[in-house]
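The following exercises concern strands, helices and aromatic rings. Please study the sequence and the structure before reading each solution.

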Amino acid sequence: MRPGRAEGRHPLAWVTVSSSSPSASGPSPIADVSPISLCEREPHVPADRLVAEMVPPPRFDSVRFATYIPDPNQPSQTEAVRVLEGFAAGLGGAHSTGSGRRGFLGFGRPRAPKAAAGPRGVYLDGGYGVGKTHLLASLWHATPAEPALKAFGTFVELTNLVGALGFQQTVRTLSGHRLLCIDEFELDDPGDTVLVSTLLGKLVDAGVALAATSNTLPGKLGEGRFAAADFLREIQGLSAHFRALRIDGEDYRHRGLPEAPAPFSDEQVTKTAYATPGASLDDFPRLLDHLAKVHPSRYGALTDGLRAVCLTDVRAVPDQSTALRLVVLADRLYDREVPVLAAGLPFDRLFSEEMLNGGYRKKYFRAISRLTALARDAKGLV
């Protein structure tokens, strides 16, 4: 388990739901203990855990600027590294307004004011799979401040924090931070965009530096079209605080890598689940139904302790709401480097042509890319 995440963590409250699934009951064909069933998990995450876990996910624990391999055909990637290294170095020293760390409740005496130099925000503008999250996490690691003074999370995790703590308490909690990194800023949710933009305005006033990536707005579908203009427009008054860094390139997960392995049989997946300690085993349609009962903010907790996810009867996702929930789960599994072994339909056929040509196209392609990478990781389990 990841050091620093489990230690001192408040334990989860779990609700176990009854199941007639063969993955959760009945004799095991190989081992004495049946695999975990995600459909039997309903985690309840305390608010303080949401704050404590605002750090780069396990997949990005060890990434640094030095481990980012720029594509030699894309000079913008090398330039982004150079600019971000300078940005991180400029965040050293005292908090820019003097409001040092104030603890979880935001109390404490602020330090003496110190003027900020340069832009207080950077926006990483690029397609999926060009390494934006790698660079964002590298910025977090490179910023010369203790981890408690830096926060890293997705847009969804940030809105969930506001929901758990309330707006004013979230402002007080984060205002003593040196840096806030927001991955996958959800431009396609107008209400939450206004909420988070207002929050960021308060944090900028408190001297917090910002860094962000975002998803494309619905209807902005041109191949190679990035979201900088959309992002800067949506955050309105904050745009002057951001420097946009365009990162060109192809999905790095597909550079020189073999095609995704073909799906296995239900029998192979089931046997592997029973033979792999810490593996889960679920029927894919039933898991999709279960995701509707768990708030997406808890999908990370849903995967706690997993060593592999095994899925039988993978089928096309039936509707867009279900598809968007699956995207969030895919992101959390990818962050945690949990291999996914599947039987049924290949992952590149999960989403309909209508979905892949619609407003959430970018999200679905990211999910396919990430699930494909996790399927490669799982191949060695069989």
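A charge sits over a ring if NZ of Lys or CZ of Arg is within 6 Å of the ring centre and within 35 degrees of the ring normal. The structure treated here is a predicted model.

**Exercise 1.** Determine over which ring the charged end of Arg 59 sits, and over which face Lys 150 lies.

*Solution.*
Step 1. For Arg 59, the ring is that of Tyr 334, and the charged end is 3.8 Å from the ring centre.
Step 2. For Lys 150, the face is that of Trp 140, with 4.2 Å to the ring centre.

**Exercise 2.** Describe the two aromatic pairs and classify each as stacked, tilted or edge-to-face.

*Solution.*
Step 1. A pair of aromatic rings is described by the distance of the centres and the angle of the planes.
Step 2. The count of aromatic pairs comes to 2.
Step 3. In the pair of Phe 155 and Phe 185, the centres are 4.8 Å apart and the planes make an angle of 50°. Planes under 30 degrees apart count as stacked and over 60 as edge-to-face, so the rest are tilted; the pair of Phe 155 and Phe 185 is accordingly tilted.
Step 4. Phe 155 belongs to helix H4 (residues 155–165) and Phe 185 to strand E5 (residues 179–185), so their pair ties together parts that are 30 residues apart in sequence. Both Phe 155 and Phe 185 are buried.
Step 5. Phe 351 and Tyr 364 form a stacked pair, with 4.7 Å from centre to centre and 20° between the planes. Phe 351 lies in the loop between E10 and helix H12 (353–356), while Tyr 364 lies in helix H13 (residues 361–378), 13 residues apart. Phe 351 and Tyr 364 are both buried.

**Exercise 3.** State the strand order of the sheet of 5 strands and explain why one side of E4 and of E7 is left without a neighbour.

*Solution.*
Step 1. The order in this open sheet is E4-E5-E6-E3-E7, with parallel pairing.
Step 2. Strand E4 (150–154) and strand E7 (242–246) stand at the edges; each has a single partner strand, so one side of each lacks a neighbour in the sheet.
Step 3. E4 and E5 pair over 5 bridges, and Gly 153 has Ile 182 in E5 as its bridge partner.

**Exercise 4.** Describe the sheet of 3 strands and the helix that lies across E8, E9 and E10.

*Solution.*
Step 1. This open sheet has the order E8-E9-E10 and parallel pairing.
Step 2. E8 and strand E9 (residues 308–314) share 5 bridges, and Leu 281 stands opposite Cys 310 in E9.
Step 3. The helix is H8 (residues 266–275), which runs at about 155° to E9.

Technical notes
Residues numbered from 1 in each chain as written. Predicted model: local features only at pLDDT ≥ 70, side-chain atom pairs only at ≥ 80, totals over all residues. Heavy atoms only, no water. Pairing = 2+ DSSP bridges. Helix = DSSP H or I, 4+ residues; strand = E, 2+ residues; numbered from the N terminus. Contact = heavy atoms within 4.5 Å. Axes fitted to C-alpha atoms, helices over the stretch in contact; angles between N-to-C directions. Phe/Tyr/Trp six-rings, centres within 6.5 Å; stacked < 30°, edge-to-face > 60°. Buried < 20%, exposed > 50% of the residue type's maximum accessible area, 1.4 Å probe, protein only.
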